[in-house]
Structures are given as C-alpha cells and as structure tokens.
Amino acid sequence: GLRNHGNTCFMNAVVQCLSNTAPLAERLALGRYRARGARAEVTHRLAALVRALWTRDYTPQLSAEFKNIVSKHSSQFRGNAQHDALEFLLWLLDRMHEDLGAASPAQQTRGPQEVGTPPGGGCTPCPSGKHPRGQSFVQSHFQAQYRSSLTCPHCLKQSNTFDPFLCISLPIPLRQTRALNVTLVLQCERWRFVRVGLAVPLLGTVADLREMVAREGCIPPEQVILAEVSPRGFLRSLADQEELGTAGQGAPLYAFQPPPARRAGIAPAPGSGLGWGRQDCAARSSDCLHRGPGSRILLLLCNTAGAGPQLARFGPPLVLREERGISWEQLQQSILAQLRALLRGEVRAQGTGALFRIRLAGGSAPCIYLSPQDPRPLCHPAIDRALQLSGAGGPPHVKLTVEWDMSTKERLFGNIQEEVVQDAESVRLQQQAHRQQHSCTLDECFQL
C-alpha cells in the first residue's frame with residue numbers, strides 16, 4: 001500500500017490505478033519514455049513511485065516526495081485538504097502529456113471534420129487512422145474521440161465531427177425486476193397447488209403479471225384470477241391496470257383457474273336482462289327474479305375458523321361455478337363436496353342445518369352475510385355489485401368467506417391448518433438471483 005500523508009487518499013487511489021494500468025506501468029517502471037528534462041519532475045517522481053511499488057522497494061519518503069512535487073506544480077493540491085480523485089487524475093494525465101513533449105489535450109480545439117464516413121457513433125480512433133503529429137503516449141492510450149454524425153435530409157450528405165475526451169461518465173445498470181411468488185390453484189390434479197417464482201418488472205402492470213402466470217400454468221390469460229389471500233382470508237382481487245409495485249406485499253398472491261364452464265340447466269327467459277349492473281330492488285333476493293337465476297356464477301371460497309385475533313384460514317382456497325338460483329342447502333352441499341378430502345367423516349346430506357356462515361369478502365364495511373333462509377342467496381344485490389367490481393381483471397367472480405365455529409371445525413376437520421403448497425424450482429432460483437448483490441461488467445455499462 002501507500003502511506004497516507006494527510007488526506008492524500010485521493011492521490012494514492014489514482015497512483016494505484018495508474019500503477020495497475022499495464023501499458024503505463026511498464027513504460028514508467030522501465031523508463032521507456034522521453035521527457036523534457038527538469039520540466040518533467042511530476043512524471044519522473046511518478047515513475048520512481050510506480051517502479052518502487054512493482055519492485056517492493058517502496059518507502060513513505062517516495063510518496064511524500066511525489067506529493068511535494070505535485071504541490072509545487074499545482075497550487076490547488078497544496079496543503080492537506082481533501083480533493084476529488086477524478087479531478088486529480090485528469091490533472092495528472094494532462095501534466096504527463098505536457099512532460100512527454102506534446103500539446104496539452106485541454107488546449108486542443110475541436111477535432112477535424114470528415115465527410116462521407118459511414119454513419120454511427122461512439123469512440124473511434126483518429127479519422128485519418130494515424131496519430132497526429134505531436135501526439136503523446138498519454139493521448140494514444142488515455143484519449144478517445146466521440147464521433148457525431150450529421151446527415152442532410154435533402155442531399156443525404158453526411159459530415160462527422162470528432163470531439164476528444166479523457167474521461168467518460170458511464171451509467172450503471174440497475175435491476176429492473178423483483179422476485180414475486182405466486183401460488184397457482186389449477187384444475188389439474190397433478191399440479192393443483194404449486195407456488196412458482198417469477199421475475200416481475202418493477203414498472204409493469206398486473207396485466208403483465210397475468211400473462212406471466214398464464215405461461216406458467218399453460219392456461220389462457222383471460223382465465224387467470226389474481227387475488228391476495230392472507231392467513232385470515234381474502235383481501236382483494238387485482239385489476240389489470242394496477243401497477244405491480246405493491247402487488248403481493250399486503251398478502252401472498254394466488255392465481256386461480258376457473259373450472260370449465262358447463263351449460264346452465266335453466267335457460268333464462270328472453271329479455272330477462274342478465275347484466276350485472278346495479279339495479280334497485282328489495283333487500284330480499286328472492287324478489288330479484290330479473291337477475292337470471294339460471295345463469296352460472298364463479299365463486300372463490302376460503303374457510304376460516306375462530307373469531308377476533310384467533311380468526312385463521314384453514315384448508316386450501318377453492319374455486320367453483322354454481323347456478324345463481326340454487327338454495328342455501330344446495331350451496332352448502334356443493335361446498336362440502338369440495339371439502340370431501342379434508343373431512344374426518346361423512347356429513348349427512350339432509351337435515352344438517354347451517355353448518356357455517358357465508359360472508360361476502362373483499363368488500364367494504366359493513367359485513368354482508370348470505371342468509372340461510374333466502375331461497376336464492378346468490379341472487380343477493382351485493383353479489384351483483386361484487387361481480388361488477390371484479391370485471392377489471394380476469395373473469396367476473398365473487399369472493400366468499402366460509403366461517404366455521406371452532407367446535408364444528410374441530411369435529412369435521414380436526415386440527416387442519418393452511419394448505420401445504422409445493423414449491424417449484426423457480427421459487428428458489430428467483431430468490432437466489434434477487435438476493436445476491438446486483439453486479440455488472442464495465443462492458444454492460446458501456447452498452448447501456
């Protein structure tokens with residue numbers, strides 16, 4: 001290393017860089033340069049310092065003498081004040097250029113113009129292909145020229161100007177993606193629940209995420225429903241126009257694939273008006289016959305047990321299609337059929353009463369519960385409002401929370417907790433790729 005002589009870290013850093021620049025270090029250490037006698041004091045002292053570093057003969061006296069000779073020829077670096085390393089590097093290169101017997105690069109005027117050069121831009125050698133008279137070793141190794149091309153739109157004649165520079169500011173590539181885990185709830189039995197890792201764009205939208213999920217699950221993008229599901233139940237569905245910045249931060253993200261659509265058993269009457277727009281009707285959904293009870297509705301379900309702070313989700317979230325005109329008893333049996341694999345025993349098909357409560361999830365307060373006494377609970381006006389709000393991304397759907405009391409849950413399901421999700425290899429790969437510090441090469445900086 002080099003001894004610090006009082007805030008000379010900027011100077012030591014530049015000396016180390018130049019000492020590790022092989023062409024210059026070899027030229028200085030072996031004395032393969034011709035300087036202008038006493039005027040070349042800075043270059044001579046730098047050469048002695050570089051030679052001592054490579055021969056391991058360095059003593060603090062050598063770097064102290066180099067600092068003193070720099071102070072002699074440049075008043076701005078006198079004393080023990082802090083300075084910018086790049087500023088010192090440019091001064092030192094310019095001084096070496098003068099010591100080695102040529103005009104200062106800073107004193108050169110704008111480079112020559114050349115007509116008819118092929119279009120393009122970037123760092124190029126001298127347009128003539130030869131070093132101009134008086135060019136020094138510093139110029140040939142540390143100076144480049146930026147070519148600016150201008151083409152006349154009428155005659156297509158092109159002129160090129162060359163601007164020399166000793167340094168160029170390069171941008172540093174930043175990471176453009178973040179790792180996001182999405183749990184796929186598919187209709188395929190083999191991959192019914194699988195968590196995949198995705199590299200989502202920082203400035204993307206939910207529509208971009210929907211396309212990525214569709215490719216992972218090999219399903220059409222218009223079938224994907226994206227929703228945040230917390231340990232306490234559904235939070236919200238994601239719309240296509242939303243930005244991806246906050247997606248998946250409030251709760252784990254789930255992607256649902258609806259079951260295949262089957263033809264409804266009851267055909268709606270002509271002119272019955274199956275639109276999901278909000279209309280005035282009585283609180284009893286049985287009066288809302290214009291809702292089209294023969295149509296089918298897409299339901300997202302999650303099961304919860306407990307109350308207050310003890311409220312927790314158990315089992316996997318479900319997705320099913322049902323007739324809008326079914327009764328509470330039929331809806332309850334359909335939900336139990338979906339949970340058959342989790343039940344500890346058989347549940348009698350008839351006479352069970354209301355085993356649970358069903359709450360409309362993801363909406364604003366107050367909470368809306370479907371009534372077991374309602375002949376058609378899925379025709380409630382709140383269901384229509386939920387369908388209307390969910391149409392911005394994926395197929396229209398309604399999120400329902402099935403609330404069990406603890407005793408019934410323990411009797412039918414035991415101590416089952418949340419679903420066990422299999423992690424795909426992409427989860428580990430994406431976390432590993434985004435956990436390590438983002439690095440880049442000098443070439444990538446130039447390319448950017």
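**Notebook: a first look around**

I started at Leu442, which is exposed, with a relative accessible area of 58%. I found this leucine in helix 12, spanning residues 442–447. Together with Ile168 and Phe446, Leu442 makes a nonpolar surface patch of about 310 Å².

**Confidence**

Note to self: this is a predicted model. I looked up the mean pLDDT of the protein chain and got 81, with 80% of the residues reaching 70 or more. Which elements sit at the two ends of the scale? Helix 1 (residues 9–19) has the highest mean pLDDT, 94, and strand 2 (residues 122–124) has the lowest, 45.

I then went after the weak stretches. Over residues 103–131 pLDDT stays under 50, and the model has 61 contacts there beyond four places in sequence. Residues 263–291 also have pLDDT under 50 throughout, with 46 contacts beyond four places in sequence. I'll keep both stretches flagged in my notes.

**The whole chain**

I counted up the secondary structure: twelve helices and 14 strands. The protein chain has 448 residues, and 42% of them are buried. For the accessible surface I have about 24300 Å², with 53% of that belonging to carbon and sulfur atoms. I also checked how far apart in sequence the contacting residues are. Taking contacts between residues at least 6 apart, 65% join residues at least 24 apart.

**Val182**

Next I picked a residue in strand 5 (residues 177–185), namely Val182. Buried or exposed, I wondered about Val182? Val182 has 0% relative accessibility, so it counts as buried. Leaving out residues up to four places away in sequence, I listed what Val182 touches: Val194, Arg195, Val196, Leu198, Leu209, Val213, Leu253, Tyr254 and Ala255. I also checked Val182 against Asp423: they are 241 residues apart in sequence, yet their C-alpha atoms are 9.9 Å apart in space.

**Cysteines**

How many disulfides does the structure hold? I found zero. A disulfide is a covalent bond between the sulfur atoms of two cysteines. Why is there no bond at Cys445? The closest cysteine sulfur, in Cys440, is 3.9 Å from the sulfur of Cys445, which is too far for a bond; the cut-off is 2.5 Å. I looked up the surroundings of Cys445 too, and it counts as buried because its relative accessibility is 8%. Cys218 is another matter: I have it down as exposed, with a relative accessible area of 69%.

How values were computed. Residues are numbered from 1 along each chain as its sequence is written. This is a predicted model: local features need pLDDT of at least 70, side-chain atom pairs count only at pLDDT 80 or more; totals for chains, interfaces and linings use all residues. Side-chain values use heavy atoms; hydrogens and water are left out. Patches are made of residues with over 30% relative accessible area and no salt bridge: like charges are joined within 9 Å, nonpolar side chains (Val, Leu, Ile, Met, Phe, Trp, Tyr) within 5 Å. Accessible areas come from the Shrake-Rupley method with a 1.4 Å probe; for residues, only the protein chains shown count as cover. A salt bridge is a side-chain nitrogen of Lys or Arg within 4 Å of a carboxyl oxygen of Asp or Glu. Helices (H or I, at least four residues) and strands (E, at least two) are DSSP runs, numbered from the N terminus. Buried means under 20% relative accessible area, exposed over 50%, partly exposed in between (1.4 Å probe, protein chains only). pLDDT is the predictor's confidence in each residue, from 0 to 100. Contact means heavy atoms within 4.5 Å.
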